[in-house]
Amino acid sequence: MNAAPASGPHSGPDSGPDSGPNSDPNSDPGSDPDSGGLSVERAQLALGGQPILRDVSLHVAQGEFVALLGPSGCGKTTLMRVIAGIQSADSGRVRIGGRDVTAAHPARRNVAMVFQSYALYPHLTVAQNIAVPLTMTRLNGWQRMPVLGGMMPGSRAARAAIQADVARTAGPLGLSHLLDRKPGQLSGGQRQRVALARAVIRAPGAFLMDEPLSNLDAALRVTTRREIVEVHRRVGAATLYVTHDQSEALTMADRIAVMQAGEILQIATPEVIYRDPVNLDVASFIGSPRINLLEAMAGESGEVRAAGQPTPLRTPARGPVTLAVRPEDWVLDPDGLPARVEHAEFLGDHMLVHLRIAGAPVILRAEAGLRVTVGETLHLGFAPERALLFGADGRRVAAEIREPARA
Amino acid sequence: MEAAPKRRRGEAVGAWLLTLPAVISFTVLLLLPTLAAVAMAFTDFELGVWPPAWIGLENFSELLADRGFRQSFANTVIYVGLVAPVSVGLGLAFALLIEAGTRGRAFFRAVFFLPVVSLTVAMASAWQYLLHPTIGPLNSLLRSLGIAGPAWLSSSDTVLVSLAAIGVWENAGFNMVLFMAGLTAIPRELREAASVDGARSAWSRFRLVTWPLLGPTTLFVVTITLIRSIRVFDTVAVLTRGGPNRASETLLYTMYTEGFTFLRLGYSAAITLVFLAIVLLLMLLQTRVLDKRVHYG
Ligand SMILES: Nc1ncnc2c1ncn2[C@@H]1O[C@H](COP(=O)(O)OP(=O)(O)O)[C@@H](O)[C@H]1O
Ligand SMILES: [Mg+2]
């Protein structure tokens, strides 16, 4: 990694070794809307005079799992509702399975949705809840009648088939012994799985999940993640998974769409989002602990100085820039920036050292064996090929390595 | 060691002292009058004849044989049978329409609620005019269509139906308000989930979500409407006085005439007991039998 050519930009919004085949971080591998899957084109929506969705475009290919990640209130649920057809957008189009469903009723869109609150029917048993999407499509109004329905022609065979499908769906989700219970008699995790079963029982063209794990406790959340990924693999539908939890997005998704204030900032694979964010918002939203930000200055010839010291970086930008370094990308370097230790947290396999560089708080993720004392001054360098630079407007600017890495 | 029981007794005395006003007012205002009415029902108490004699179940056996009472009972059943289903159905329909509509909610809510807040006795004169056989607008309208309208309130064929129509008008708005309260308690997400799950028509969403979840409200509305319509008295007293020829006499009106016109208080009290028994039975039905089947944990 130390032989990066000084002239070649190693990273940046447009290219970089970390981007892999996705040279454009916003590239859509299957952006041909006729290829099926799910796509939203330029959706705009204002509610009560407030813009909620600002020109949102998004494509989820058939079989792909895309996480929609953003802070609370950024419009994730609203986007789901627009896709499902519960809410109509002011402008823009929605396609599902290659079909334009912008004006279609939710029932005719062939989408399945897991609501944040699960929205289970409290008066129906688990089996009846799971069966609803099938009874609604396979039985006509007469056959659905409470008592008479059973006597309608064809009703018995159809009902038996539905029962079989319910059993087949409930089994892998561990719901077989709960089929006769009412939702009120289930735990949060069981309710969540009933909602999941109800969504996947028919083969949906698109599968929407709105923070399905947010009501579960931490341990259950981790096991259920795997279940959801497995369900997705079985169903194979284009899946849009809403979360405000970046670790869910990073671990589960093929691609992540980062949303903020009604706008999609970047759509890319988890690696690209992490290593190659398009702007400061994405960089600071992803990563835990947060990425470290240092005020820096690009001089006459583009050389970057931070905390009054030269760095190995050069940029086409001029003037004030922000230097961003992930906590794991710091290295102890006698020529590096002086940093005063404020506090250290031991976390078993690693430790987090909180320091200040010229007044700015930074975090260093270090080997568990590192010995530091509070008040001591360390000198921190960073892996230059991993450092990010952002202009004054928060957009990413190219960072080139000024000289082959020292030492 | 000794202080504890003493303090507990002190607490008990304090508790009784605190509830005393409620206990006294309950006893004086509710318990004693009810017990007095129950006791009276087993006497031949008449105003001006003293002392009353204990006659056991005689009042009740007389009730059974009394054709006037039997007619009044039947009239009440017919009246309730017309008013309860129609006003519950209309109340639900109004509530659903107002919920679904986007404009004029407050206006329609006020219009339908007007009968509830207006004084029935005062509105009765308006009804008398509306239903008047010669000068009433309803019959004028019918005449213009070439139909000879009946004498709504003075023909024994139509008087009960006319009173029932007024009863529906009185109750539907009240029921609508109750249903609207019930509707707001149903999470919007459930109806949305129903449409995503394939409930295409408003009717299928109503059947899947709204109607079942409205169960507790409906049960309450039905019970309240039954009790309210069994108690019909003011329209009868003001508009028909039970006539013509007792065709519109209802339970409470018979009780009133027996007690306050013929001054047979014992007999009147027996009718009161029959009325109370019916109301209690309805309430029991609501709490015991049906309540279990319409609530979800
Ligand atoms: N019906 C509405 N009227 C006005 N504002 C709304 C409405 N529904 C949602 N919003 C606003 O839209 C924004 C996005 O909401 P939502 O999509 O639920 O966010 P998220 O799911 O990302 O937490 C919030 O600021 C919310 O207050
Ligand atoms: Mg949300």
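**Close-up 1. G381(A), a buried glycine in a strand.** In this predicted model, G381(A) is buried, and its relative accessible area is just 7%. Why does G381(A) count as buried? Because buried means under 20% relative accessible area, and G381(A) comes in at 7%. To find this glycine, look along strand β18 of chain A, which covers residues 377-382.

**Close-up 2. The company G381(A) keeps.** Which residues does G381(A) touch, once those up to four places away in sequence are left out? They are D329(A), W330(A), V331(A), D333(A) and G336(A). Now add L337(A) to the view: 44 residues separate L337(A) from G381(A) in sequence, yet their C-alpha atoms are 6.3 Å apart in space.

**Close-up 3. The ring of residues around ligand 1.** Here you're looking at the shell of ligand 1, which takes in L47(A), I52(A), P71(A), S72(A), G73(A), C74(A), G75(A), K76(A), T77(A) and T78(A). Sort these shell residues by type and you get 4 nonpolar, 5 polar and 1 charged. Which helix gives the largest share of the shell? That's helix α1 of chain A (residues 76-84), with 3 residues.

**Close-up 4. Oxygen atoms of ligand 1 and their partners.** Zoom in on G73(A), and you'll find one of its backbone N or O atoms 2.6 Å from an oxygen atom of ligand 1. C74(A) also brings in a backbone N or O atom, this time 3.2 Å from an oxygen atom of the ligand. With T77(A), it's the side chain that takes part: a polar atom there sits 2.6 Å from an oxygen atom of ligand 1. How much of ligand 1 does the protein cover? On its own, the ligand has 560 Å² of accessible area, and the protein covers 55% of that.

**Close-up 5. Stepping back to the two domains.** Chain A splits into domain 1, residues 25-275, and domain 2, residues 291-401. Take the C-alpha centre of each domain, and the two points are 41 Å apart. If you're counting elements along chain A, expect 8 helices and 21 strands.

**Close-up 6. Inside and outside of chain A.** Of the 407 residues in chain A, 52% are buried. What about the outside? Chain A exposes about 17800 Å², with carbon and sulfur atoms supplying 51% of that area. Contacts tell you about reach along the chain: take those between residues at least 6 apart in sequence, and 66% of them join residues at least 24 apart.

Note on methods
Residues are numbered from 1 along each chain as its sequence is written. Chains are lettered from A and ligands numbered from 1 in the order in which they are written. This is a predicted model: local features need pLDDT of at least 70, side-chain atom pairs count only at pLDDT 80 or more; totals for chains, interfaces and linings use all residues. Side-chain values use heavy atoms; hydrogens and water are left out. Helices (H or I, at least four residues) and strands (E, at least two) are DSSP runs, numbered from the N terminus. Buried means under 20% relative accessible area, exposed over 50%, partly exposed in between (1.4 Å probe, protein chains only). Contact means heavy atoms within 4.5 Å. Accessible areas come from the Shrake-Rupley method with a 1.4 Å probe; for residues, only the protein chains shown count as cover. A residue is near a molecule or strand if one of its heavy atoms lies within 4 Å of it. A polar contact is a pair of N or O atoms within 3.5 Å; within protein, one must be able to donate a hydrogen and the other to accept it, and residues adjacent in sequence count only if both atoms are side-chain atoms. Ala, Val, Leu, Ile, Met, Phe, Trp, Tyr, Cys and Pro count as nonpolar, Asp, Glu, Lys and Arg as charged, and the others, Gly among them, as polar. Domain bounds come from an automatic or database domain assignment.
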